[in-house]
Structure formats: C-alpha cells, structure tokens
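Visitor: Could you take me through one helix pair up close? I'd like the geometry, the residues that meet, and a bit of context.

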Amino acid sequence: MGWMQDETGLGKNAANYVPLTPLSFLKRAAGIWPDHPAVIYGEIRRSYADYINRVTRLASALTKLGVQSGEVVATILPNIPAQAEAHFGVPACGAVLNAINTRLDVDTITYILEHGEAKVVLCDPQFLPVLAQAIENMSTPAPQVIEVADDQAGVHAHGHYLEYEALLETGDPDFEWLMPEDEWESLALNYTSGTTGRPKGVVYHHRGAYLNAMGQVLSWRMVLHPIYLTIVPLFHCNGWCHTWMMPAVGGTVVCCRDITAPAIFDAIADHGVTHFGGAPIVLNTLVNAPEEQRRDFGHTVEVFTAGAPPAPATLAKIEPMGFNVTQVYGLTEVYGPATECVWKEDWDHLEGQERAAIKARQGVAMPFIEEVRVTDSKLNDIPRDSEAKGEILFRGNGVMKGYLKNPEATAEAFEGGYFHSGDIAIHHPDTFIQIADRAKDIIISGGENISSVEVEACLMNHEAVLLCAVVAKPDEKWGEVPCAFIELKDGHSGDEAEMIAFARERLAGFKTPKKVVFQELPKTSTGKIQKFELREYAKTL
C-alpha cells in the first residue's frame with residue numbers, strides 16, 4: 001500500500017534515515033544554547049556547555065570502567081544533577097539506565113541488581129547502607145559502586161568508594177557518543193511495582209522515549225525555554241521522560257531533592273518555574289502549606305498530575321493559587337503519561353465540583369499513542385455511556401519493548417496486539433476515559449504503586465496470622481494507604497502496633513500498613529476473600 005510504481009533508489013540511506021534517540025536533543029541544545037542554564041540546584045548553575053561536558057565525561061568514564069554496550073548501569077539517587085546527567089551519560093556509552101526507586105527495601109534491591117545484572121551503581125550516601133546490604137546478599141557478581149555526594153544538601157561522601165566527581169575526572173570530554181544504530185535498542189530498564197511480589201523489568205527503547213518527550217511538549221503546550229521542577233522522581237518512568245524532553249525546547253531543569261512546600265514555592269518564586277509533574281499529594285502539600293511557607297509569583301504554573309485523580313476540593317483550592325492542573329494517566333509500561341485530559345473551551349465557565357469532575361478524567365491518547373481503547377474480556381469496545389466498565393488497552397510507539405527475561409508476562413501483556421493496562425475504566429460519549437477501579441488491587445500511595453499481594457505475603461509470615469487481606473484506605477495526605485485486615489489463628493491475640501512493626505522490618509516504609517483490623521474475613525462460597533467489602537469498610541475507618 002502506498003508504494004509508487006517505480007521506487008528504484010528510494011530506499012533508506014544515511015542521508016534520509018537516522019534512528020530516533022533523545023540523546024540528539026542534548027547535542028542540539030548544547031550547540032544552539034551553550035550558555036543557557038540547563039541545570040539548577042541550590043548554588044549550582046550549569047549551562048548547556050557544562051551539562052554536555054559532564055555527560056560526555058560520564059559516558060567516557062563508564063566505558064573506562066569496562067561498561068560495554070547493552071550492559072546495565074543503575075542509579076539509587078534523589079533528583080539531583082547527577083541523576084539527570086546519568087539519563088544522557090549512561091546511554092551515550094551504549095549502556096542501559098536502570099534508575100532504582102530510592103524507597104525500596106534491601107531484598108527488592110538485591111533482586112533488581114541480580115535480575116538486571118547491573119555493572120555499576122551510582123548511589124547517594126543516604127542510601128549506601130541499604131545498597132551495601134543488598135550487594136552482600138547477592139549471589140551473582142556485584143556491581144561497582146560509585147558514591148555520589150550531595151554537598152548542597154549536606155550529604156557528604158563516606159569515602160569507602162570511588163566518588164562521582166573523581167569518576168568524571170577520568171572521563172574524556174571529547175569522547176564520541178555511541179548513538180544507537182537501531183532506534184529499537186534498549187535505553188532504560190524500569191522495575192514496576194507490579195502486582196506480584198517480584199517487580200517486572202520494563203524495557204524502554206530510544207524511539208519510544210524520543211516520541212514521548214516530543215509528544216509531551218505538544219500536550220503541555222510548551223514554548224521555548226520552560227523552567228521545569230523535578231518533583232516526579234527520576235526513578236519513576238525516568239521522571240516521565242521530562243529530563244530527556246527539556247533540551248528539545250532549551251529548557252532548564254531545577255532539581256528538587258526533598259519535596260516540601262517551601263522548596264516548591266521557593267523554586268517557583270526564585271527561578272520562575274513554569275512546569276512540574278506530581279501526584280495529587282504534592283498538590284495537597286501546597287494547598288495545606290501555612291502562610292509563612294508560601295511565596296508570591298506572578299505567572300501560571302502548568303502542572304501534570306497523575307497516580308490518582310485529584311480531589312475536587314484540592315483542585316478548587318489550588319487553581320486560584322496560580323496552578324493550572326491537567327490530569328494525565330499512564331503506567332511504567334507506557335513511558336509514564338500516555339493519556340491527557342485535554343481541556344475544551346466549552347468547559348471554561350465550569351466551576352467547583354463540575355470543573356473538578358472533568359479535570360478528574362484520564363482523558364484521551366497523547367500524540368505519540370496510536371490508540372487507547374476500553375474493552376471487555378473479548379476485546380470488544382464497551383459502550384461509551386459513562387457507565388459500562390472495561391479494561392484500558394494501549395497501542396502505539398509509546399509502549400514498552402516488554403518485560404526483561406519474562407516472555408510469558410510479555411506475551412500476556414500484549415495479547416491481541418494491545419498492551420493490557422490492568423486498569424478498569426468507563427468511557428464517556430466524548431471519547432474521554434475515566435478510571436473506575438484499579439484492577440488487581442494496587443494501592444497508590446503518594447504516587448507510589450504498592451502491591452497488596454506483597455504486603456499480604458509479608459504479614460502471612462507472622463505466626464499469629466491465619467488469613468490477611470490488604471486494601472487501600474483513603475488518606476488525606478497520601479491519597480491512599482495500605483490497611484490490613486487480619487484473621488487470627490485460634491488461641492492467638494492481635495496487637496496492631498506489633499503487626500505494623502513486623503511489616504516495617506520486612507518492607508519499605510511506604511508499603512507498611514498504616515491501620516490493622518482484626519476480624520473474620522468475608523469470603524465467597526469458594527473461599528475467595530471479598531476485597532470489595534473490605535474496601536468499603538476501610539472507607540469508614
């Protein structure tokens with residue numbers, strides 16, 4: 001289809017075809033705007049010339065450490081300049097970036113390092129004790145650790161490992177970047193907090209990240225030189241691809257290590273921040289900030305929020321403060337945001353609850369996603385009547401390559417030629433989708449996915465526990481927190497504080513139940529626990 005009668009000599013060649021990669025954005029920006037601020041953090045101000053110099057030296061230094069094309073380099077870092085540099089420097093030496101969630105427990109980090117076979121890990125001193133323990137537990141060859149001190153935050157190096165700045169010193173500023181020969185080459189490896197105990201390794205390609213970054217420029221109505229505040233952790237879908245996006249528009253990345261109201265207000269007032277992404281908990285933090293923590297600013301800040309719909313009350317309060325909030329939705333498997341609640345002029349007059357009800361929708365496909373559908377179990381589209389429920393499916397260039405070393409899970413996720421999100425939604429007549437329920441009982445706390453299965457597995461190890469079910473309990477600060485319902489063995493008594501402490505010893509803090517209820521669990525005739533009943537009860541606690 002679409003081939004002309006005679007296409008002799010019209011094939012791809014070096015002049016007319018180049019594999020797409022977000023690396024090209026930084027090369028271009030450094031040429032056009034060498035003196036423009038690329039990265040700001042505390043006292044640090046780095047131009048695009050500085051940025052590309054450090055990225056190039058990082059790529060060269062990693063090569064000298066023996067990192068080969070296609071091998072994995074991991075990071076356990078907060079949103080500091082080194083984490084942004086790694087997003088370009090690691091792929092520039094042909095390697096694959098694995099940005100690890102800084103909040104994970106020892107056991108999970110051990111699993112990720114073994115499964116991804118990381119050769120090097122860049123780690124903040126704050127997280128070194130957990131990393132050291134994880135490496136000690138490894139049964140495969142250990143990665144080399146590079147310590148990334150953060151003097152701006154008073155987090156100084158322990159001195160046990162090679163330090164990041166010393167590593168950069170070994171790098172050649174004239175190192176030739178290894179650009180991908182095929183845009184399908186792997187760029188990043190992200191472990192999703194999925195629904196089973198073990199996370200799955202989601203693999204991104206250069207093409208998908210390039211198109212996601214370009215598409216979000218359109219979705220966010222960006223013009224040249226935006227000033228972007230890193231609130232979304234860069235370990236979360238690579239910060240929704242925003243670090244790769246910024247050089248495309250000559251933007252400035254303002255790094256934010258600790259997400260507090262004063263830090264956000266200061267960044268907006270002092271640096272003129274124009275854009276940031278974040279979970280609804282971030283909006284709550286701003287809305288509930290005391291007067292003395294707030295700063296005045298004279299422009300509108302564009303906000304992408306995702307993870308859960310923001311509460312109408314939050315939206316009603318935050319928009320008059322100077323923030324325009326757009327709800328986006330996606331998953332690790334689709335590079336972060338993949339749908340957006342595009343605002344229409346006919347809605348301009350809406351206020352309060354009516355306005356918030358529209359803004360709470362997950363919306364329509366972003367420009368780099370070919371198709372978003374909501375279907376029944378036989379892949380038939382559900383009626384667009386705002387009532388029928390189905391599963392959200394994705395198809396397009398912004399979908400992952402698949403799950404690393406897990407062909408069964410990959411095949412299942414791609415059944416029928418679509419990526420199955422596992423999220424349940426309704427479809428409105430105007431084509432906008434809206435999530436009705438999180439399938440597989442995922443709990444979303446402060447933007448972090450928590451697997452109820454993992455928390456249940458942990459609690460089941462307690463000698464007094466016969467059965468347990470973990471569900472989401474609404475929470476004003478975090479949106480949702482884990483709530484555990486426990487059925488005790490005969491002759492045992494339950495103590496809430498003891499159960500919480502038991503879980504905290506074995507799980508990351510954010511996964512620990514915040515409430516424990518002891519009771520007989522409601523079950524179906526076949527013995528399946530009826531979680532929906534527990535969810536309703538948790539709302540009353």
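Guide: Here's a look at one helix pair, followed by the whole chain. Bear in mind that this is a predicted model, where local features need pLDDT of at least 70, side-chain atom pairs count only at pLDDT 80 or more, and totals for chains, interfaces and linings use all residues. Residues are numbered from 1 along each chain as its sequence is written, and side-chain values use heavy atoms, with hydrogens and water left out.

Two packed helices are described by the angle between their axes and the distance between the axes. Our pair is H1, residues 23-32, and H2, residues 48-64: their axes come within 8 Å and cross at roughly 140°. (Axes are lines fitted to C-alpha atoms over the stretch in contact, with angles from 0 to 180 degrees between N-to-C directions; helices are DSSP runs of H or I, at least four residues, and strands are E runs of at least two, numbered from the N terminus.) That angle makes H1 oblique to H2, since under 35 degrees counts as roughly parallel, over 145 as roughly antiparallel, 65 to 115 as roughly perpendicular and the rest as oblique.

Who touches whom? On H1, Leu26, Lys27, Ala29 and Ala30 meet Tyr48, Tyr51, Ile52 and Val55 of H2, contact meaning heavy atoms within 4.5 Å. By class, that's seven nonpolar, no polar and one charged residues.

Zooming out, the protein has 17 helices and 26 strands. Its C-alpha atoms fill a box of roughly 70 × 60 × 60 Å along the principal axes. Among contacts between residues at least 6 apart in sequence, 70% join residues at least 24 apart.

Key. Nonpolar A, V, L, I, M, F, W, Y, C, P; charged D, E, K, R; others polar.
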